[in-house]
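Reader: Got a minute to walk me through this one? I'd like to start with how you use your words for surface and inside.

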Amino acid sequence: MLQDKITQYSQEINAFVTDKADELEQFRIKYLGSKGVIKEIFDAFKSVSIEEKKSLGKVLNEFKQLAESKFNTLKEITESSESQATVNELDLTLPGEGFEIGSRHPLALVRREIVEIFAKLGFTVAEGPEIEDDWHNFSALNFPEEHPARDMQDTFFIKKGGEKGDIALRTHTSSVQVRMMEQGQPPFRAIMPGRVYRNEAISARAHCFFHQIEGLYADENVSFADLKQTLFYFVQELYGEGTKVRFRPSYFPFTEPSAEMDISCTICKGAGCQLCKYSGWVEILGCGMVDPNVLENCGIDSKKYSGFAFGMGIERIANLKYEIKDLRLFSENDARFLRQFKSALI
Ligand SMILES: [Zn+2]
């Protein structure tokens, strides 16, 4: 009999919900009050047989705990909803909660800026696969068989040997240049932005993947002067007028002659600082005239056509632009870092 009552009340308690203080007070009076259900049941308990007391004692205590914990839980809910209501009543003109909007990634910002600058010169955007065969990534670009860049240290190989030679993650976007030249005849005027992979230990200054933008311009009578003027224009647009450039002779398998291009330091304007290691200059890209062998490899008459190519790391350009010192920040997805580029959202 008593057991049935407890079961019935337990069901009622379990089913009870409210966020209103007065309803909760009714609940308290009904169950926990001095003339409430619990008092009544405990009184009734006194008159049951000793046998029944043994089995009912525990049930009774659990029932009491159930009522109390229900009351405490609902009390928290009603209090928090009441305080919310009080705030709302106090000042309805308070501004709403901030609405977080995303921002462009710094690498995307820089990439877009570079694409826009070259678009003004008539360069289109070309893309290609990130998984490449040996021909497009190395052989067509004049990399000798024993070239260290083919070594396991630098390249993520996916498959060694096979019909098309080794298959690997591309180590540069030059492979897109090869694909472009294979598909037609000059004139070519395009830039190739994309992700590339190198088998390097991850540190502040190196990463196993990064982004490049390469450019190719091929036509009749393209000269080194065209290369210099194009890149000079690019630098003025990207870093502001008055930025100086200098070319240093260099070596790349796919260009001849080859050069590396420095710009006057964007921080100290050439006076010398930590970024430029007190030289006043920072390197930003490699470039050169496309090696006639490469043109021939792609089915282009190197006697009729010539071209220039250049390539830069987007991270490098972004580092200089935003003074970022650790490459890893670009791929860690730390919202505190990414939020800083919100103002650049256009
Ligand atoms: Zn400097």
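Author: Sure. A residue is buried if its relative accessible area is under 20%, exposed if it is over 50%, and partly exposed in between. Keep in mind that this is a predicted model.

Reader: OK, try it on Glu237: why does it count as partly exposed?

Author: Glu237 counts as partly exposed because its relative accessibility is 34%, and partly exposed is what lies between under 20% and over 50%.

Reader: And which side chain does Glu237 meet in a salt bridge?

Author: That of Lys120, with 2.7 Å from N to O. The two come from distant parts of the chain: Lys120 sits in helix α5 and Glu237 in helix α8 (residues 224-239), 117 residues apart. As for Lys120, it counts as exposed because its relative accessibility is 56%.

Reader: Which residues do salt bridges with shared partners join into one network?

Author: Arg246, Arg248, Asp262 and Glu283.

Reader: How many salt bridges does the structure hold?

Author: There are 17 of them. Another one brings together the side chains of Glu113 and Lys321, at 3.3 Å from N to O. This pair also ties together distant parts of the chain, with Glu113 in helix α5 (residues 106-120), Lys321 in helix α10 (residues 314-322), and their positions 208 residues apart.

Reader: How exposed are those two?

Author: Glu113 has a relative accessible area of 23%, so it is partly exposed. Lys321 is partly exposed as well, with a value of 29%.

Reader: What does Lys20 form a salt bridge with?

Author: With Asp19, where the closest N and O atoms are 3.9 Å apart. Lys20 is partly exposed, with a relative accessible area of 45%, and Asp19 counts as partly exposed at 38%.

Reader: Switching topic: which residues coordinate the zinc ion?

Author: Four cysteines, each through SG: Cys265, Cys268, Cys273 and Cys276, at 2.2 to 2.4 Å. Along the sequence these donor residues follow the spacing C-x2-C-x4-C-x2-C.

Reader: What geometry does the site of the zinc ion have?

Author: It's tetrahedral, with angles of 105 to 115° among the 4 donor atoms. The site counts as tetrahedral because four donors get that label if all angles lie between 85 and 135 degrees.

Reader: Are Cys273 and Cys276 buried or exposed?

Author: Both are buried. Cys276 has a relative accessible area of 3%, so it falls in the buried class.

Reader: Where does Cys276 lie?

Author: In the loop between β8 (255-264) and β9 (281-290). Its C-alpha atom is 8.8 Å from that of Ser264, although the two are 12 residues apart along the chain.

Reader: What is Cys276 in contact with, leaving aside neighbours within four places in sequence?

Author: With Cys265, Cys268, Trp281 and Val282. Two of those names, Cys265 and Cys268, also appear among the zinc donors.

Reader: Which side chain has a polar atom 2.7 Å from the backbone oxygen of Cys276?

Author: The side chain of Ser279. Ser279 has its place in the loop between β8 and β9 too. It counts as partly exposed because its relative accessibility is 40%. The C-alpha atoms of Ser279 and Ser264 are 9.1 Å apart, with the residues 15 places apart along the chain.

Reader: Now a histidine I've been eyeing. Where does His211 lie?

Author: His211 is in strand β6 (residues 209-219). It counts as buried because its relative accessibility is 16%, and buried means under 20%.

Reader: What polar contacts does its side chain make?

Author: There's a polar contact of 2.8 Å between the side chains of His211 and Glu315, and one of 3.4 Å between those of His211 and Arg195.

Reader: And what else does His211 touch?

Author: Not counting residues up to four places away in sequence, His211 touches Leu107, Gly194, Met312, Gly313 and Ile314, along with Arg195 and Glu315.

Reader: Last one, zooming out. How is the chain divided?

Author: Into domain 1 (2-90) and domain 2 (106-344). The C-alpha centres of domain 1 and domain 2 are 73 Å apart.

Key: Residues numbered from 1 in each chain as written. Predicted model: local features only at pLDDT ≥ 70, side-chain atom pairs only at ≥ 80, totals over all residues. Heavy atoms only, no water. Donors = N, O, S within 2.8 Å, 3.2 Å for Na, K, Ca; no water. Tetrahedral: all angles 85-135°; square planar, octahedral: opposite > 155°, others 65-115°. Buried < 20%, exposed > 50% of the residue type's maximum accessible area, 1.4 Å probe, protein only. Salt bridge = Lys/Arg side-chain N within 4 Å of Asp/Glu carboxyl O. Helix = DSSP H or I, 4+ residues; strand = E, 2+ residues; numbered from the N terminus. Domains from an automatic or database assignment. Polar contact = N/O pair within 3.5 Å; in protein donor to acceptor, adjacent residues only side chain to side chain. Contact = heavy atoms within 4.5 Å.
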